Amino acid sequence: MTKHGLEDVSKATISRMATYLRCLTYLEQQGASTLSSRELASLTGVSAEQVRQDLSVFGRFGKRGTGYDVVRLKTEVEAIFGRGVERWKCCIVGVGSLGTALIASRMVRKWGFRYVAAFDTDPRKIGTHVERIPVYSVDELKTIVRREHIAIGVIAVPASSVRTVARILCEAGIRGILNFAPQSIKAPEKVPVLSVDLSQEFLKLSFYIQSAEQRAREEQTQIDAASHSE
């Protein structure tokens, strides 16, 4: 699979590989047959050398002078992420506005991720369904996770509850956690945890907007200075 162990692959590389897969999926839908590393780099905002380095971590792809076969490369990258090997069963803890939106999203389904259970502590929600997904009491979490062989637990609860929920998921035998709560959690080393803090993404976007506007002002100042000197 890789020249090195999977644990040696950087998070940045994995993030770029996911971006490559999204682009390859689009290109396949558009009927593209081949593309070069330069073209893939242009679509993803990285250098052609970076594309080649990232792909080389996982083996040899394409042929010098002919580029990459879009369908074949897409299939190979999908295999890196486990698509086609297994269909990932997921559960979500917390069926508030965010949890409901995450269940309703159809984006993850095409990549082989499927919600099979949801959990909450609100008696009004327990026993109902969200997008045909049954909502259980958190007290049933361990039983349901083990019975359904659920691999991924998604946390969408208030910060005050996140660590308790994470502990229960780990005790249930979950294989990975995606945390949307604004609170860090600890899990056994064998259970990878990815945290998604939407407020942090907005803060970063705010910084990038200000940086872009500052660059634009500086460039305009230079243009104005040059025109005045003529």
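Biologist: How much accessible surface does the protein have, and what share belongs to carbon and sulfur atoms?

Modeller: This is a predicted model, so every value here is computed from predicted coordinates. The accessible surface comes to about 14700 Å². Carbon and sulfur atoms hold 53% of that area.

Biologist: Where on the surface is there a nonpolar patch?

Modeller: Look at Leu-98, Leu-198 and Phe-202. Together they form a nonpolar patch with about 310 Å² of accessible area. Phe-202 sits in helix H8, residues 198-229.

Biologist: Is Phe-202 buried or exposed?

Modeller: Exposed means over 50% relative accessible area. Phe-202 has 63%, so it counts as exposed.

Biologist: What share of the 230 residues is buried?

Modeller: Buried residues make up 35% of them. The cut-off for buried is under 20% relative accessible area.

Biologist: How many helices and strands are there?

Modeller: The protein has eight helices and nine strands. Next, set the radius of gyration against the globule rule. The radius is 22 Å, well over the 17 Å that the rule gives for 230 residues, so the protein is more spread out than a compact globule. The C-alpha trace spans about 75 × 50 × 35 Å along its principal axes.

Biologist: What share of the contacts joins residues 24 or more positions apart?

Modeller: Take the contacts with a separation of 6 or more. Residues 24 or more positions apart account for 58% of those.

Biologist: How do I check the span of helix H7?

Modeller: Use the rise of 1.5 Å a residue. Helix H7 covers residues 159-172, which is 14 residues, so it should span 20 Å. The end C-alpha atoms are 21 Å apart, which agrees.

Biologist: Which residues of H7 are buried, and what do they pack against?

Modeller: The buried ones are Val-162, Val-165, Ala-166, Ile-168, Leu-169, Cys-170 and Ala-172. They pack against helix H6 (141-148) and three strands: S3 (88-93), S7 (152-155) and S8 (176-179). Just after H7 comes Gly-173, with a positive phi of about 95 degrees.

Biologist: Which residues other than glycine have a positive phi?

Modeller: The general idea is brief. Most residues other than glycine have a negative phi. Here, Arg-132 and His-149 are two to inspect. Arg-132 has a phi near 70 degrees. Arg-132 lies in the loop between strand S5 (129-130) and strand S6 (133-137). At 79% relative accessible area, Arg-132 is exposed. His-149 has a positive phi of about 55 degrees. The loop between H6 and S7 holds His-149. His-149 is exposed too, with a relative accessible area of 63%.

Biologist: How many salt bridges does the structure hold?

Modeller: Again, the principle comes before the case. Side chains of opposite charge can pair when their charged atoms come close. This structure holds 10 salt bridges. One of them joins the side chains of Arg-16 and Asp-54, at 2.7 Å from N to O. Arg-16 lies in helix H1 (residues 11-29) and Asp-54 in helix H3 (residues 48-57), so the pair ties together parts that are 38 residues apart in sequence.

Biologist: Is Asp-54 buried or exposed?

Modeller: Asp-54 is buried, with a relative accessible area of 2%.

Biologist: Which side chains does Glu-171 meet in salt bridges?

Modeller: Start with Lys-142, at 2.7 Å from N to O. Glu-171 is in helix H7 and Lys-142 in helix H6, so this pair ties together parts 29 residues apart in sequence. Glu-171 also meets Arg-167, at 3.3 Å from N to O.

Biologist: How far apart are Glu-171 and Arg-167 along helix H7?

Modeller: The helix geometry helps here. An α-helix has 3.6 residues a turn, so residues three or four places apart point the same way. Glu-171 and Arg-167 are four residues apart, or about one helical turn.

Biologist: How accessible are Glu-171, Lys-142 and Arg-167?

Modeller: Glu-171 is partly exposed at 37% relative accessibility. Lys-142 is partly exposed at 30%. Arg-167 is partly exposed at 44%.

Biologist: Which residues are linked in a network of salt bridges?

Modeller: Glu-28, Lys-74 and Glu-78 are linked in such a network.

Biologist: How far is Arg-215 from Gln-200 in space?

Modeller: Their C-alpha atoms are 23 Å apart, with the two positions 15 residues apart in sequence numbering. Arg-215 is in helix H8. At 48% relative accessibility, Arg-215 counts as partly exposed.

Methods: Residues are numbered from 1 along each chain as its sequence is written. This is a predicted model: local features need pLDDT of at least 70, side-chain atom pairs count only at pLDDT 80 or more; totals for chains, interfaces and linings use all residues. Side-chain values use heavy atoms; hydrogens and water are left out. Helices (H or I, at least four residues) and strands (E, at least two) are DSSP runs, numbered from the N terminus. The expected span of a helix is 1.5 Å times one less than its number of residues. Buried means under 20% relative accessible area, exposed over 50%, partly exposed in between (1.4 Å probe, protein chains only). Contact means heavy atoms within 4.5 Å. Patches are made of residues with over 30% relative accessible area and no salt bridge: like charges are joined within 9 Å, nonpolar side chains (Val, Leu, Ile, Met, Phe, Trp, Tyr) within 5 Å. Accessible areas come from the Shrake-Rupley method with a 1.4 Å probe; for residues, only the protein chains shown count as cover. A salt bridge is a side-chain nitrogen of Lys or Arg within 4 Å of a carboxyl oxygen of Asp or Glu. The radius of gyration is taken over C-alpha atoms; the globule rule is 2.2 Å times the number of residues to the power 0.38.
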